Amino acid sequence: MNGPAPAYADVSDPRLYREDSWRPHFARLRRQDPVHRHEQSPYGPYWSVTRYADIMRVELDPGTYSSASELGGIQIADQPKGQELPNFIRMDPPRHTAQRRTVAPIVAPTNLANMEATIRQRTEAVLDGLPRGQPFDWVDRVSTELTAMMLATLFDFPWQDRRKLTHWSDVAIANIEAPDAVVKSEAERMAELTRMAETMAALWQERASQPPKFDLISMMAHAEATKAMPMREFIGNFALLIVGGNDTTRNSMTGGLIAVLENPAELDKVRADAGLLDSLVSEVIRYQTPVIHMRRTAAKDTELAGRAIRKGDKVVMWYVSGNRDEEAIDEPERFVVGRPKARQHLAFGAGIHRCVGDRLAEMQLKILWEEILKRDLALEIAGPPVRLYSNFIRGIRSLPVVIHA
């Protein structure tokens, strides 16, 4: 006689992502119980949504599945009571729509075209400045440096202080339980983010007193929807823009290098046909899936994949699982350049909360790979990556790499 099936792993455990051992747990959930209720976790009970189609259903129904800060926000971990930091990703329409519209022009196609030459010059300089024949940290010298430069440009932030933006991004997403966390308590996190807000507020006042310019701080300082934000919302929106402009691209730059070096034949395809560069970029983003999950809260009783979801339930969309769903993506565990519909992955989310900077991220990655190929860099990974202890950002803290002369 068969006994009961063993319990499902708690996929909210950050160790699964630090150890990169999450895949079999999600494969089992997709196969056996794709919308699964975990009764116990450090974050309380939650629903795991693990298939592509079900995640899309949640994404495209913000009326049923709310992102509102006051209901808990967008991470499986609730924001600390009394310290909520609302921002436009932690809002439902119409406030979400108005605030998002304020910052969207910075990544409009015409502005991206204007930024392309600058991004390329910086990428060339970073790659040409790397040591040859000796190990260096790719995350620090390439991924972090390029994204810090980009953020400084988007905010028109003092250039020499650009690594502060990286630090604040790390603070905003840090799991305070991690042995190597940059902040060890919520109070410490709040103190650092308050310092960030003070720095931004000084720049804000300067920009508000000048005619509008085309940087994020000036745009928000002059827009009706954002110019009079309460302090917590001010902190929340700046933290969102810094993390959004930093973590996803930075980790795709590193995760992409690992994937490409493990699958050299896929890069050969791009060498033979430069038209495949866009596909390479989309596959890197899908394969890395830098945002592990997004959470919603049920605004009313509903049903998903035959499961009864109750008003107030925590519903977690696991993008890492949806992007590995065999029913939606052919051979999803393989890194394949030239897939049909390569951009139809979940790494940017979907619907009203789809990543506002998706095209900018793709452009930064495309230029990086164009310049690597142009130089025919003989890259080799010189040791294991150190991964982030987090169930929210699939991050890589360091990666030793050698360029052979």
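**Salt bridges, ring pairs and a small sheet**

In this predicted model, the side chains of Glu333 and Arg23 come together in a salt bridge, with 3.5 Å from N to O. Distant parts of the chain are linked by this pair: Glu333 belongs to the loop between α13 (319-322) and α14 (358-375), whereas Arg23 is part of helix α2 (residues 23-32), 310 residues apart. Glu333 is partly exposed, at 37% relative accessibility. Arg23 also counts as partly exposed, because its relative accessibility of 21% falls between the limits of 20% for buried and 50% for exposed.

The contact between Glu333 and Arg23 is part of a broader picture, as the structure holds 45 salt bridges. Another of them joins Arg295 and Asp78, whose side chains meet at 2.9 Å, N to O. Here, too, distant parts of the chain are linked: Arg295 sits in strand β5 (residues 293-298) and Asp78 in the loop between β3 (65-66) and α4 (95-103), 217 residues apart. The two partners have contrasting surroundings. Arg295 is buried, with a relative accessible area of 2%, while Asp78 is partly exposed, with a value of 43%.

A salt bridge is also found between Asp376 and Arg271, where the closest N and O atoms are 4.0 Å apart. Asp376 lies in the loop between α14 and β9, and Arg271 in helix α11 (residues 264-272), so this contact ties together parts of the chain that are 105 residues apart in sequence. Asp376 is exposed, having a relative accessible area of 54%, and Arg271 is partly exposed at 44%. Elsewhere among the charged side chains, salt bridges with shared partners connect Glu116, Arg120, Asp128, Glu370, Glu371, Lys374 and Arg375 into one network.

Turning to the aromatic side chains, the count comes to 10 aromatic pairs. In one of these, the ring centres of Trp22 and Phe26 are 6.3 Å apart and the planes stand at 65 degrees, so the arrangement is edge-to-face. Trp22 and Phe26 are both buried. Phe26 also pairs with Trp318, this time in a tilted arrangement, with 5.4 Å from centre to centre and 50 degrees between the planes. Because Phe26 lies in helix α2 and Trp318 in strand β8 (residues 314-318), the pair ties together parts that are 292 residues apart in sequence. Trp318, like Phe26, is buried. Ring pairs extend this group to a cluster made up of Tyr17, Trp22, Phe26 and Trp318. Helix α2 (residues 23-32) thus contributes Arg23 to a salt bridge and Phe26 to ring pairs.

Rings also meet charged groups. The charged end of Arg28 is placed over the ring of Tyr8, at 4.0 Å from the ring centre. In a second case, the charged end of Arg324 sits over the ring of Tyr287, with 4.7 Å to its centre.

Finally, the backbone forms an open sheet of 3 strands, in the order β4-β12-β9 and with antiparallel pairing. β4 (136-137) and β9 (378-381) are the edge strands, and each has a single partner strand, so one side of each is left without a neighbour in the sheet. The antiparallel pairing of β9 with strand β12 (residues 400-404) runs over 4 bridges. Across this pairing, Leu379 stands opposite Ile403 in β12.

Definitions and conventions. Residues numbered from 1 in each chain as written. Predicted model: local features only at pLDDT ≥ 70, side-chain atom pairs only at ≥ 80, totals over all residues. Heavy atoms only, no water. Pairing = 2+ DSSP bridges. Helix = DSSP H or I, 4+ residues; strand = E, 2+ residues; numbered from the N terminus. Buried < 20%, exposed > 50% of the residue type's maximum accessible area, 1.4 Å probe, protein only. Phe/Tyr/Trp six-rings, centres within 6.5 Å; stacked < 30°, edge-to-face > 60°. Lys NZ or Arg CZ within 6 Å of the ring centre and 35° of its normal.
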